[in-house]
Amino acid sequence: MTAKHVETPDGPFEPTWDSLKDYTVPDWYVDGKFGIFIHWGVYSVPAFGNEWYPRNMYQQGSREFEHHVATYGPQAEFGYKDFVPQFKAEKYDPDAWADLFRKAGAKFVVPVAEHHDGFAMYDCGLSEWCAAKMGPKRDLIGELAEAVRRQWLVFGLSSHRAEHWWFLHGGMQFPSDVQDPRYAGLYGPAQPKEMQPNPEFLDDWLARTCELVDKYQPQLVWFDWWIEEPAFEPYLRRFAAYYYNRAAQWQRGVAINYKKQAFPPEAAVYDIERGQLDDINPLFWQTDTAVAKNSWGYTANLDYKTSESLIGDLADIVSKNGALLLNVGPKPDGTIPDGDRQILLDIGRWLAVNGEAIFSTRPWKVFGEGPTEVASGLFTDTKRGAFTSRDIRFTTKGDALYAIVLAWPESGEATIQSLSPNLRLYPREIGGVQLMGAAEPVTWSRGKTGLRVKLPEHRPCEAACVLKIVPKR
């Protein structure tokens, strides 16, 4: 397939923004709320810095550059391509991954099909530099797609191919293997970031992305940030029409994720990297973030977030009409690090008790209350303080209102100010209050200060607790 042969399939969409604005987000996504992102590639072999090692090892003066020369030798003698044979995935068990993701409570799984480094993790018909033909010599993406679907989870994938236009440009500034024409299939084009991509690159980008759609039928295609560059605009329209019409043929609901202003908000699902929103968004949206603060891919020195903080973020995001796509970074042998695994299992245990307050819910009149400020925008995920017992997030389902108390009250009592009759946010009379996961009933009262709930000594779960509030019949 080449872009010149990419024709819009028959279906309801034309490659125009007016047509694409008729897109509807599928129920599985709006109900699913929680997915797993996977950054796994050749960059996990050096396991230094982060997943941008392939760029930074060619950036003179960087930590990665100095580390590379000291550890492996000059880049003209040992380049990024030389890590490929060491990327073996010899312990990769996609069924074990899918089982872990299901135990984590995730509803969809989104591996990186190709990162900025240009090495495809799938069986790519447009490049020899792919996992099916080099390194593991396995179609890593295809195997995971099958395993994920066996667990009744939704399969998606991500493409970061756009950034490859400039990602390895540093290697053009000094003697390195990036300049060797034998490796142009991996390293090229290696152009300056300030230069817009040319038609040949854009045609190849479109062809590769449509190939992913046809080979793996993903129900989510996640794009990184550089697609908002002007040169991509007509190609984005062509891809979206191609994908949405293919989905109509499959009779499956699908979604595209975008950042910044790459798409009109009605035509796809907005995604915020390592950040959130400070209020309810009328359109469904998503946060993508990682279990580690310092890297998306595996490194030898991961700085992990806590399970409690991620559960708090999940509740905050869902209360504002969003979903959380949480990233893990497997090792080059295909195993998931113990730290990543433990966080996923912790979240899964919490969702086993409290998932009713997350899955298939919708926002309430207000997202929540409490003193802890959540900043709006990119790269703010480590800037907030720890949530307190006064921080509460709301979700609804049917007649039920869920109040997610983001830390256990040391006083043994939770007060929900938003449920004061004076505020008239909840004008109905309360018929019952239940602590999710608790065997014994709770005592409660409602007055001017709000709904006061006395909690039992025994905590039903770690991290946040959930109060289910139902109206009087």
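This is a short walk through a predicted model, going from one helix to a helix pair and then to a few backbone oddities.

**Stop one: α10**

Select residues 233–250 and you have helix α10, 18 residues in all. From first C-alpha to last it reaches 26 Å, close to the 26 Å expected at 1.5 Å a residue.

Now colour the helix by accessibility. The buried residues of α10 include the aromatics Tyr235, Phe239, Tyr242, Tyr243, Tyr244 and Trp250. Leu236, Ala240, Ala241 and Ala247 are buried too, and so are Arg237 and Asn245.

What should you switch on to see what covers them? Among the covering elements are two helices, α1 (17–20) and α9 (199–216), and two strands, β5 (220–223) and β6 (255–258).

Before leaving, step just past the end of α10 to Gln251, where phi is positive, about 60°.

**Stop two: α5 against α6**

Hide the rest and show residues 94–103 (α5) together with residues 140–150 (α6). Their axes are 8 Å apart and the helices pack at an angle of about 45°. An angle between 35 and 65 degrees counts as oblique, so α5 and α6 are oblique to each other. The crossing of α5 past α6 is right-handed.

For the contact itself, pick Pro94, Asp95, Trp97 and Ala98 on α5, then Glu143, Leu144, Ala147, Val148 and Arg150 on α6. Sorted by type, the residues of this contact are six nonpolar and three charged, with no polar ones.

**Stop three: a cis peptide**

Next, zoom to the loop between α8 (184–187) and α9, which is where Pro189 sits. Check omega on the bond from Gly188 to Pro189: it is near 0°, making this peptide cis. As background, most peptide bonds are trans.

**Stop four: two arginines with positive phi**

Most residues other than glycine have a negative phi, which makes the last two selections worth a click.

Start with Arg274, in the loop between β7 (269–273) and β8 (285–290). Its phi is near 45°. Then jump to Arg424, in the loop between β13 (413–416) and β14 (430–435), where phi is positive at about 60°.

Which of the labels, buried or exposed, goes with Arg274? Its relative accessibility is 7%, and the cut-off for buried is under 20%, so Arg274 counts as buried. Arg424 has a relative accessible area of 58%; exposed means over 50%, so Arg424 is exposed.

Conventions
Residues are numbered from 1 along each chain as its sequence is written. This is a predicted model: local features need pLDDT of at least 70, side-chain atom pairs count only at pLDDT 80 or more; totals for chains, interfaces and linings use all residues. Side-chain values use heavy atoms; hydrogens and water are left out. Helices (H or I, at least four residues) and strands (E, at least two) are DSSP runs, numbered from the N terminus. The expected span of a helix is 1.5 Å times one less than its number of residues. Buried means under 20% relative accessible area, exposed over 50%, partly exposed in between (1.4 Å probe, protein chains only). Contact means heavy atoms within 4.5 Å. Axes are lines fitted to C-alpha atoms, for helices over the stretch in contact, and angles run from 0 to 180 degrees between N-to-C directions. Angles under 35 degrees count as roughly parallel, over 145 as roughly antiparallel, 65 to 115 as roughly perpendicular and the rest as oblique. A crossing is left-handed if the near helix is turned anticlockwise from the far one by less than a right angle, and right-handed if clockwise. Ala, Val, Leu, Ile, Met, Phe, Trp, Tyr, Cys and Pro count as nonpolar, Asp, Glu, Lys and Arg as charged, and the others, Gly among them, as polar.
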